[in-house]
There are 2 protein chains.
Amino acid sequence: MATLATVAAAAGVSRQTVSNALNSPELLRPDTLERVQRAIERLGYTPNRAARNLRTRTSHLVGLRLEPAVEGSASGLMDRFLHSLVESTREAGLHVLLFTPEDVNNPLDGYDALLRSAAVDAFVVTDTYRGNPQAAWLEARQVPFVAFGRPWEDPQACFPWVDVDGRAGVRLAVDHLADKGHERIAWVGWQKSSYIGEDRRNGWLDRMHERELPTTRLSARGEDTIEFGRRAAHALLEGEHPTAFVCVSDTVAMGVLQALVDLGRRAAADDVAVVGFDDSLAAQVTGLTSVRQPLEEIAVQIVRLLEDRLAMRTSDEQNIILTPELRVRDTS
Amino acid sequence: MATLATVAAAAGVSRQTVSNALNSPELLRPDTLERVQRAIERLGYTPNRAARNLRTRTSHLVGLRLEPAVEGSASGLMDRFLHSLVESTREAGLHVLLFTPEDVNNPLDGYDALLRSAAVDAFVVTDTYRGNPQAAWLEARQVPFVAFGRPWEDPQACFPWVDVDGRAGVRLAVDHLADKGHERIAWVGWQKSSYIGEDRRNGWLDRMHERELPTTRLSARGEDTIEFGRRAAHALLEGEHPTAFVCVSDTVAMGVLQALVDLGRRAAADDVAVVGFDDSLAAQVTGLTSVRQPLEEIAVQIVRLLEDRLAMRTSDEQNIILTPELRVRDTS
DNA sequence: GTGAAAGCGCTAACAA
DNA sequence: TTGTTAGCGCTTTCAC
């Protein structure tokens with residue numbers, strides 16, 4: 001395997017000159033540079049990562065803790081997000097290193113070991129929906145990181161994060177349905193304890209009030225399960241006869257769709273309309289209209305903030321909220 | 001940050017002794033070992049990865065090239081697989097490093113750079129459905145790797161791989177349906193050019209013949225899209241009136257389900273039964289019976305083979321075929 | 001603009 | 001059983 005020394009010998013220069021050709025090419029005289037570059041090319045030389053890491057005390061690796069996917073939940077956002085993130089990190093000269101905790105219930109598990117062994121330079125923190133002790137922990141240790149998800153329980157918390165404006169997403173959904181003439185638009189959401197759930201629900205409330213549409217007894221709250229969506233839809237349909245449903249998630253929306261099948265009705269623009277949230281594969285495949293998170297853009301912004309942080313630049317705006325878009329399909 | 005030297009000084013031993021305490025504890029006298037371990041504990045010492053990597057010429061990193069997820073396709077297996085893989089690698093003291101190619105159409109892109117920079121020790125190759133030039137390329141360079149997916153186009157190819165017995169999976173589906181009394185069981189599959197598609201289809205053929213059930217004009221082939229599934233189901237229902245469909249994928253199965261809705265019929269055990277393949281989130285969420293790939297076990301076996309390979313052990317059996325199971329739900 | 005020297009933190013080989 | 005020496009491949013510093 002070629003090393004700096006090999007290349008230097010081949011090009012008839014010293015090792016440092018080769019190193020400079022790679023890291024500060026502007027220091028070399030053009031002809032020397034080209035001679036070195038040809039030698040590098042010819043020998044297929046690539047700098048050894050371990051040596052470079054040891055010397056520079058960086059790894060160009062970003063850690064990401066993979067949380068267990070929930071079976072039976074429609075979303076599966078991680079796949080799309082991961083791909084975008086790996087793509088963005090590549091363009092920034094970084095790589096993504098995955099890890100899982102030994103103890104899933106300990107939100108800090110796994111971070112410490114990677115950090116102490118200097119295996120990663122930074123983290124991307126994604127599991128912020130349950131609160132983010134990781135963020136506080138990392139912040140306290142001055143570890144560079146960017147969160148996907150904002151610190152709901154502590155809005156004052158000062159660290160870089162990127163999040164989606166769920167509220168705006170649901171507003172889009174309500175507008176879409178109201179524009180189609182729907183007036184009795186129901187909300188099927190998560191429990192009050194969920195910050196994200198309440199944020200999305202507020203989008204529904206906002207717009208319904210702005211458009212002077214009724215909301216009384218048109219809202220249901222429960223778990224993120226199909227079964228809950230189904231039960232909620234049955235109850236709502238029996239009571240206030242909504243003509244449309246906006247759901248906090250695709251999973252819940254799938255339950256609503258099932259309820260309509262139970263009743264021999266169709267989820268469609270001309271009967272009962274249904275809108276989900278996440279634009280999961282299940283939504284794409286069943287023709288469910290859904291709010292789509294801009295995961296690609298989120299990844300780009302996360303990496304941008306990460307680069308700022310790694311370069312010790314303080315970004316002017318280190319909290320970014322992106323607006324989702326509505327993917328209209330058969331069910332609305 | 002604590003180093004070997006720090007710990008050695010704290011414990012009153014030499015650096016090498018600390019190193020041995022970590023890597024060959026059996027060499028130390030119990031009391032020395034304990035003294036060193038206490039110092040390690042007290043100082044919160046973890047060996048520096050870069051230094052260790054440089055010295056041992058290993059990184060304990062496994063590269064995985066992330067292929068773009070196909071929008072509109074139901075499967076989304078990668079999420080589940082990745083999680084299992086990361087879990088298994090953790091237990092083996094390895095980590096997963098993700099990368100994407102700059103040029104998606106070049107199946108080799110990305111491997112070379114990681115290899116030459118000694119950034120990874122090995123690869124897990126997953127995109128074998130299009131043939132596997134990567135495998136040949138890696139094999140030629142004696143790079144340790146294990147493939148998820150067998151070398152269909154070159155069964156003689158000699159490298160470690162783990163795959164799922166799609167044929168057996170479909171046999172399970174046919175058995176299940178035939179046991180329920182179905183006789184006219186249709187196949188909706190991929191084009192003849194797909195090895196995986198043909199393998200699965202053979203499972204259908206096998207069992208149908210063994211049970212002396214008809215197959216003539218009960219088979220359709222096409223792309224992996226919902227639209228194809230829908231069209232195929234319409235055509236088959238008009239012609240040979242099948243009472244059940246076995247599909248090569250959940251995506252296609254979703255199309256079949258839509259066709260049934262079009263015709264005002266129900267996908268259910270007592271009307272037209274439908275079985276998919278992959279046990280995607282879409283299947284879980286729509287109640288589609290589906291063949292589930294044992295991704296967790298696949299990951300375990302891949303890591304086992306990887307460890308063998310990295311330890312230069314030649315495994316007795318380096319090709320492993322695992323049998324999927326049937327997840328029975330509402331549609332059958 | 002180029003080269004020589006030093007050392008990042010670790011482990012393999014050997015000496016004590 | 002423990003310690004000493006050397007060096008993995010690179011970059012940083014400083015002299016030329």
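Colleague: How far apart are the C-alpha centres of domain 2 and domain 3 of chain A?
Modeller: Keep in mind that this is a predicted model. Domain 2 covers 61-165 + 296-323 and domain 3 covers 166-292 in the domain assignment of chain A. Take the C-alpha centre of each, and the separation is 30 Å.

Colleague: In the contact of those two, how many residues come from domain 3 of chain A?
Modeller: Domain 2 of chain A puts in 10 residues, and these split into 5 nonpolar, 4 polar and 1 charged. On the other side, domain 3 of chain A puts in 16 residues.

Colleague: Okay, on to the two chains. Which element gives the most to the side of chain B that touches chain A?
Modeller: The contact uses 45 residues from chain B and 45 residues from chain A. Among the chain B elements giving two or more residues are α4 (49-56), β2 (95-99) and α11 (250-262). The top contributor, with 8 residues, is α5(B).

Colleague: And what residue in β2(B) is the bridge partner of A:L98?
Modeller: Strand β2 of chain A, residues 95-99, is joined to β2(B) by 3 bridges, and the two run antiparallel. Look along β2(B) for the partner of A:L98, and you land on B:V96.

Colleague: Which are the edge strands of the open sheet of 12 strands?
Modeller: Read the strand order: it starts at β11(A), goes through β2(A)-β2(B) and finishes at β11(B), with mixed pairing. An edge strand here pairs on one side only. That gives β11 (319-322) of chain A and β11 (319-322) of chain B.

Colleague: Inside chain B, which residue of β5(B) pairs with B:F148?
Modeller: Strand β4 (residues 145-148) and strand β5 (residues 161-164) of chain B run parallel, joined by 2 bridges. In β5(B), the bridge partner of B:F148 is B:V162.

Colleague: Now helices. Why is α8(A) called oblique to α9(A)?
Modeller: Two packed helices are described by the angle between their axes and the distance between the axes. For helix α8 (residues 166-179) and helix α9 (residues 195-210) of chain A, the axes are 7 Å apart and the angle is about 40°. Angles under 35 degrees would count as roughly parallel, so with that angle α8(A) comes out as oblique.

Colleague: What class counts does the contact of α8(A) with α9(A) have?
Modeller: The residues of α8(A) that meet α9(A) include A:R167 and A:D175, and those from α9(A) include A:W204 and A:R207. Sorted by class, the contact has 6 nonpolar, 4 polar and 7 charged residues.

Note on methods. Residues numbered from 1 in each chain as written. Chains lettered and ligands numbered in written order. Predicted model: local features only at pLDDT ≥ 70, side-chain atom pairs only at ≥ 80, totals over all residues. Domains from an automatic or database assignment. Contact = placed C-beta atoms within 7 Å. Nonpolar A, V, L, I, M, F, W, Y, C, P; charged D, E, K, R; others polar. Helix = DSSP H or I, 4+ residues; strand = E, 2+ residues; numbered from the N terminus. Pairing = 2+ DSSP bridges. Axes fitted to C-alpha atoms, helices over the stretch in contact; angles between N-to-C directions. Parallel < 35°, antiparallel > 145°, perpendicular 65-115°, else oblique.
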